[in-house]
Amino acid sequence: MSGRTRSLACPERTCVGCRERVAKNDLLRVAVSGDACVPDPRGTLPGRGAHLHPDLVCFDLAVRRRAFSRAFRSKETFDTAELRRYVEQNTKPVEVAAP
Ligand SMILES: [Zn+2]
């Protein structure tokens, strides 16, 4: 423990969208299933994972940068429809026009 100033209790990951380094708990794990990127909120899917803020801004950035292909070391473009739906449903709306 001596000499260590950083705690290992809070692992950090880089968001593949905005490239910010944040606590792993703040990010959604994304895994690959077939040729699709799927959300893995419980971190139970096998294989390589990418981490993303559950936010459409970061999602769009990641798609535009082909960050998922890079994260999963593939030349293919992954189907992100399911992931997008998940992010949409889990994004806390910032500006909501009251009905
Ligand atoms: Zn982000």
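This passage describes the secondary structure and the sheet of the protein, as seen in a predicted model.

The protein contains five strands and three helices, and when the chain is followed from the N terminus these elements appear in the order β-β-β-β-β-α-α-α. Of its 99 residues, 25% count as buried. Among the contacts in the protein with a separation of 6 or more, 56% are made by residues that stand 24 or more positions apart.

Three of the strands form an open sheet, in which the order is 4-3-5 and the pairing is antiparallel. The edges of this sheet are held by strand 4, covering residues 36–39, and by strand 5, covering residues 49–52, each of which pairs on one side only. Averaged over the sheet, and with direction ignored, neighbouring strands are turned by 35° against each other. In general, the strands of a sheet pair through backbone hydrogen bonds, and such pairing may be either parallel or antiparallel.

The pairing between strand 3, which comprises residues 28–33, and strand 5 can be described further, since four bridges join these two strands, which run antiparallel. Within strand 5, His51 is the residue that stands opposite Arg29.

Strand 3 and strand 4 are also involved in an arrangement with a helix: helix 3, formed by residues 81–90, lies across both of these strands, and the direction of helix 3 makes an angle of about 25° with strand 4.

Note on methods. Residues numbered from 1 in each chain as written. Predicted model: local features only at pLDDT ≥ 70, side-chain atom pairs only at ≥ 80, totals over all residues. Buried ≥ 20, exposed ≤ 12 C-beta atoms within 10 Å, placed from the backbone. Contact = placed C-beta atoms within 7 Å. Axes fitted to C-alpha atoms, helices over the stretch in contact; angles between N-to-C directions.
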